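Trainee: I would like a close look at one part of this model. Please start with the overall layout and then stay with that part.

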Amino acid sequence: MPDCDTIKPKLPGLLRQKLAANDLNEVQTHLGRCSSCRAYLLSLSSANTNDLAITAHLSPQSTSNSKVYALMLAVA
């Protein structure tokens, strides 16, 4: 199982939808277990000046991001 030090650098790529499929799966699985990384992901998204665009990218209509969207809603 990857640790937070491995996952956190990948979170900006998740927000920009720039992760390879294997990284996306690894990050989503980790976020399902790690409240610290979920909180960090939320801090990254709230620090972004274009929150609306991030929300659109993580919409529930996007099948590949539905888990992340649900996690962000649960933490928010």
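Which pattern does the protein follow, read along the sequence? After that, please take me through helix H3 (residues 21-33).

Mentor: Read along the sequence, the pattern is α-α-α-α-α-α, with six helices and zero strands in the secondary structure. Helices (H or I, at least four residues) and strands (E, at least two) are DSSP runs, numbered from the N terminus. This is a predicted model, in which local features need pLDDT of at least 70 and side-chain atom pairs count only at pLDDT 80 or more, while totals for chains, interfaces and linings use all residues. Residues are numbered from 1 along each chain as its sequence is written, and side-chain values use heavy atoms, with hydrogens and water left out.

Now to H3. The helix has 13 residues, which at 1.5 Å a residue should span 18 Å, and the end C-alpha atoms are 19 Å apart, which agrees. The expected span is 1.5 Å times one less than the number of residues.

Next, the sides of the helix. Leu24, Val27, Gln28, His30 and Leu31 are buried in H3. Buried means under 20% relative accessible area, exposed over 50%, and partly exposed in between (1.4 Å probe, protein chains only). Seen down the axis, the buried residues of H3 fall within an arc of 165 degrees, so they line one face of the helix. That arc is taken from the directions from the helix axis to the C-beta atoms. The face turned away from the buried side carries the exposed residues Ala21, Asn22 and Arg33.

Part of the buried side joins a wider group. Leu24, Val27 and Leu31 belong to the largest nonpolar core, which has 10 residues in all. A nonpolar core is a set of buried Ala, Val, Leu, Ile, Met, Phe, Trp, Tyr and Cys residues joined through side-chain atoms within 4.5 Å. The other members are Ile7, Leu11, Leu14, Leu15, Cys34, Cys37 and Leu41. H2, H3 and helix H4 (35-47) are the elements that give two or more residues to this core. In soluble globular proteins, nonpolar side chains tend to be buried together. For the protein as a whole, buried residues make up 33% of the 76 residues.

H3 also takes part in charged pairs. The whole structure has two salt bridges, each being a side-chain nitrogen of Lys or Arg within 4 Å of a carboxyl oxygen of Asp or Glu. Side chains of opposite charge can pair when their charged atoms come close. One salt bridge joins Lys10 to Asp23, with the closest N and O atoms 3.2 Å apart. Lys10 lies in the loop between helix H1 (4-7) and helix H2 (11-15) and Asp23 in H3, so this pair ties together parts that are 13 residues apart in sequence. Lys10 also forms a salt bridge with Glu26, and here the closest N and O atoms are 2.4 Å apart. This pair, too, links distant parts of the chain, with Lys10 in the loop and Glu26 in H3, 16 residues apart. Lys10, Asp23 and Glu26 are therefore spoken of as linked in a network of salt bridges. Lys10 counts as buried, at 19% relative accessibility. Asp23 is partly exposed at 23%, and Glu26 is partly exposed at 25%.
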